Each structure stands twice: as structure tokens, then as C-alpha cells.
Amino acid sequence: MLMTAFGGLMWLIFTAMLVLAVVALVLAGIAREDAYRAADKQNKVFWLIILGITVAVNLLVPMLFLQIAGLVATIVFFVDVRPALRQVSGGGRGRRGGSSSDGPYGPYNGGR
């Protein structure tokens, strides 16, 4: 019974790793090439190759060491690269329709 629960937990973890890698691959593919250069990150092709290999390893080669290496690359993309791409692409706060003078609680009116 314990081994069945452990096997189910491992399947859940491996599935989560695959889903994260696929989402990162899609997000890397959607971003513009010039945003990578503007954010001073590796180019788009580099990230597409790394994340594509990660997805392939998760699907085809169930070797834990390679899957963990791919998970590290996926985490680096989500924590470092994607926020930098969103910042240079005008993502985040600007997408809600606010202006550049908006603060966290509304527009800044200069003390008027």
C-alpha cells in the first residue's frame, strides 16, 4: 500500500515537472526575439532548445538526474528570464490600462 502511494506521488511530481516545462516552452516561444536582447538574456533559440530538451527528457527518458537538471532550467526561466522579458515588453502593471504615473493605489496627482 505504501509503495502504491509513493508511486502515485512520484507520478504527480513528474507530471507537474512536465507541465511546468511545457508552459515555459510555450511562454519562451511567445516572447519576441528582441525582448531577449533588450533584457540582456540568452537569445530565444537558446531557451527554446533548452526547454524543448527538458520536455523531451520528461516525456522520453525518465532519468531523475536529467529531469532535475531540466527542472532547474525551467525554474531559472520562470524566476529570472520571464520577469525580465515582461519588464522590457511592457508587461505587468501597464497591461491593466494604467499610466506610468499610477501608484499602487491609483494615479499620483502630485499632491494636488
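User: In this predicted model, is Arg37 buried or exposed?

Analyst: The coordinates come from a predicted model, and Arg37 lies in helix α2, which covers residues 33-38. A residue counts as exposed when its relative accessible area is over 50%. The relative accessible area of Arg37 is 56%, so Arg37 is exposed.

User: Which residue meets the side chain of Arg37 in a salt bridge?

Analyst: The partner lies in helix α2 together with Arg37, and the two residues are four apart, about one turn of the helix. This partner is partly exposed, with a relative accessible area of 30%. The N to O distance of the salt bridge is 3.7 Å, and the residue that meets Arg37 is Glu33.

User: How many residues apart in sequence are the parts that Lys41 and Asp80 tie together?

Analyst: The side chains of Lys41 and Asp80 meet in a salt bridge with an N to O distance of 3.0 Å. Lys41 is partly exposed at a relative accessible area of 26%, and Asp80 is partly exposed as well, at 39%. Because Lys41 lies in the loop between α2 and α3 while Asp80 belongs to helix α4 (residues 64-88), the pair ties together parts whose separation in sequence is 39 residues.

User: What is the distance between the closest N and O atoms in the salt bridge of Asp34 with Arg32?

Analyst: Asp34 is partly exposed, with a relative accessible area of 35%, and Arg32 is likewise partly exposed, at 45%. A salt bridge requires a side-chain nitrogen of Lys or Arg within 4 Å of a carboxyl oxygen of Asp or Glu. In the salt bridge that Asp34 forms with Arg32, the distance between the closest N and O atoms is 3.0 Å.

User: Is the ring pair of Phe46 and Trp47 stacked, tilted or edge-to-face?

Analyst: The structure holds three aromatic pairs, and in the pair of Phe46 and Trp47 the ring centres are 5.4 Å apart. Planes over 60 degrees apart count as edge-to-face. The planes of these two rings stand at 85°, so the pair formed by Phe46 and Trp47 is edge-to-face.

User: Which residue of the aromatic pair formed with Phe78 counts as buried?

Analyst: The pair with Phe78 is edge-to-face, with 6.0 Å from centre to centre and 70° between the planes. Phe78 is partly exposed, having a relative accessible area of 24%. Its partner has a relative accessibility of 1%, and the residue that therefore counts as buried is Phe77.

User: Which residues do ring pairs link into a cluster?

Analyst: One part of the cluster is the pair of Phe46 and Trp47, in which Phe46 counts as partly exposed at 33% relative accessibility and Trp47 is buried at 7%. Another part is the edge-to-face pair of Phe77 and Phe78. Ring pairs link these into a cluster whose members are Phe46, Trp47, Phe77 and Phe78.

User: What is the approximate area of the nonpolar surface patch that includes Phe65?

Analyst: Phe65 is found in helix α4 and is exposed, with a relative accessible area of 66%. Both α3 and α4 contribute to the patch, each supplying at least two of its residues. Together with Leu59, Leu60, Val61, Met63 and Leu66, Phe65 makes a nonpolar surface patch of about 630 Å².

Terms used. Residues are numbered from 1 along each chain as its sequence is written. This is a predicted model: local features need pLDDT of at least 70, side-chain atom pairs count only at pLDDT 80 or more; totals for chains, interfaces and linings use all residues. Side-chain values use heavy atoms; hydrogens and water are left out. Rings of Phe, Tyr and Trp (its six-membered ring) pair if their centres lie within 6.5 Å; planes under 30 degrees apart count as stacked, over 60 as edge-to-face and the rest as tilted. Buried means under 20% relative accessible area, exposed over 50%, partly exposed in between (1.4 Å probe, protein chains only). Patches are made of residues with over 30% relative accessible area and no salt bridge: like charges are joined within 9 Å, nonpolar side chains (Val, Leu, Ile, Met, Phe, Trp, Tyr) within 5 Å. Accessible areas come from the Shrake-Rupley method with a 1.4 Å probe; for residues, only the protein chains shown count as cover.
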